[in-house]
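Trainee: Could we go through this model together, helix by helix? I would like to reason from the coordinates rather than guess.

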Amino acid sequence: MKQLKEKTKTFQQLEMLFEHDIYTFQHSLRVAELLFKMGIQLNMSEECQEELYQLGALHDIGKIRIPQTILNKEEHLTEQERKVLNQHTIYGFEILRHDKYSKEFLDGVIYHHENYDGTGYPYGISSFAEGIPVYAQILRVVDSFDAMTSNRSYKKAFSVEKALAEIESLKGIFYSPEVVDSFISMYWDNPHYLRWSY
Ligand SMILES: [Fe+2]
C-alpha cells in the first residue's frame, strides 16, 4: 500500500509537470530512460538504475513553480528571469525532500546544474573543491545532451554527433571526464539509444 501511495504521488507530480510544461515533461521522460541506461553502462546496481530512472523523471519537477512565460520565452532571458529559472533546482528539492528519496537522489535534484569547474548553479560547487555528487554528475551530461538535441521554438536541435562533440569539448570544464567517456562509449555500443521519435 505504501509503495502504491508513493507511485501515485510520482504520477501526480508528473501530471502536474505535463499540465504546466509539456516540453519539460517529455524531456524528463527521455532523460529518465537515458539515465537508466547510463546506470547499466556504469555497472551500477539494479537499485541504483531504478533510482536513476526516477531521478530523470523528477529532476526538473521544480519547474512547476516557474512561470510559463519564463519557461517558454522565445527571446533571451533577462538576468532577473534567469535567476528565477535557476531556482528550479532548489524548488525541486523542496518539493521532494519530505518523500522517501535517498540523499544521493535529492543531491541529484539540487546539484544537476553544477559544473565540474565550479561555474554552475545554484551553489557553484566544483569537482576540485567540495566535490559534486555522482548522480548530479551523470545527470549534468544526460540532461545537456537531451537539451542540445531537442527542437525548441527559439533554437534548432543539434544532431546527435554535434551534441556529442560539444559535450566532449566541455569535458573537464562543465562535465565529468569519466561520465563523458562512459556516455560516448554507450553511444558507440548502442547508437540507437540516443535517437528518439518524440
Ligand atoms: Fe534542470
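Mentor: Gladly; let's begin with helix H9, where Glu161, Lys162, Ala165 and Ser169 are exposed on one side. A residue is exposed if 12 or fewer other C-beta atoms lie within 10 Å of its own, buried if 20 or more, and partly exposed in between, with C-beta atoms placed from the backbone. Helices (H or I, at least four residues) are DSSP runs numbered from the N terminus. Please keep in mind that this is a predicted model: local features need pLDDT of at least 70, side-chain atom pairs count only at pLDDT 80 or more, and totals for chains, interfaces and linings use all residues. Residues are numbered from 1 along each chain as its sequence is written.

Trainee: Which residues of H9 are buried, and why do they line one face of the helix?

Mentor: An α-helix has 3.6 residues a turn, so residues three or four places apart point the same way. Down the axis of H9, the buried residues fall within an arc of 100° (taken from the directions from the helix axis to the C-beta atoms), so they line one face. In H9, which covers residues 160–169, these are Ala163, Leu164 and Ile167.

Trainee: Which helices do the buried residues of H9 pack against?

Mentor: Contact here means C-beta atoms, placed from the backbone, within 7 Å. By that test, the buried residues of H9 pack against helix H8 (134–148) and helix H10 (177–189).

Trainee: And how are H8 and H10 oriented to each other?

Mentor: Their axes come within 9 Å and cross at roughly 50°; axes are lines fitted to C-alpha atoms, for helices over the stretch in contact, and angles run from 0 to 180 degrees between N-to-C directions. Angles under 35 degrees count as roughly parallel, over 145 as roughly antiparallel, 65 to 115 as roughly perpendicular and the rest as oblique. H8 and H10 are therefore oblique.

Trainee: Which residues meet between H8 and H10?

Mentor: The residues of this contact divide into five nonpolar, one polar and no charged. Ala, Val, Leu, Ile, Met, Phe, Trp, Tyr, Cys and Pro count as nonpolar, Asp, Glu, Lys and Arg as charged, and the others, Gly among them, as polar. Gln137, Ile138 and Val141 in H8 meet Val179, Val180 and Phe183 in H10.

Trainee: What is the orientation of H2 to H10?

Mentor: The axes of H2 and H10 come within 10 Å and cross at roughly 100°. The two helices are therefore roughly perpendicular.

Trainee: Which residues make that contact of H2 with H10?

Mentor: Three of the contact residues are nonpolar, two polar and one charged. H2 brings Lys37, Met38 and Gln41, while H10 brings Ser182, Phe183 and Met186.

Trainee: Is asparagine 43 buried or exposed?

Mentor: Asparagine 43 sits in the loop between helix H2 (22–41) and helix H3 (46–58). Its phi is positive, about 55°, although it is not a glycine. With 9 C-beta neighbours inside 10 Å, asparagine 43 counts as exposed.

Trainee: Where is proline 122, and what is omega at its bond to tyrosine 121?

Mentor: Proline 122 lies in the loop between helix H7 (103–110) and H8. The peptide bond joining tyrosine 121 and proline 122 is cis, with an omega of about 10°.

Conventions. Contact = placed C-beta atoms within 7 Å.
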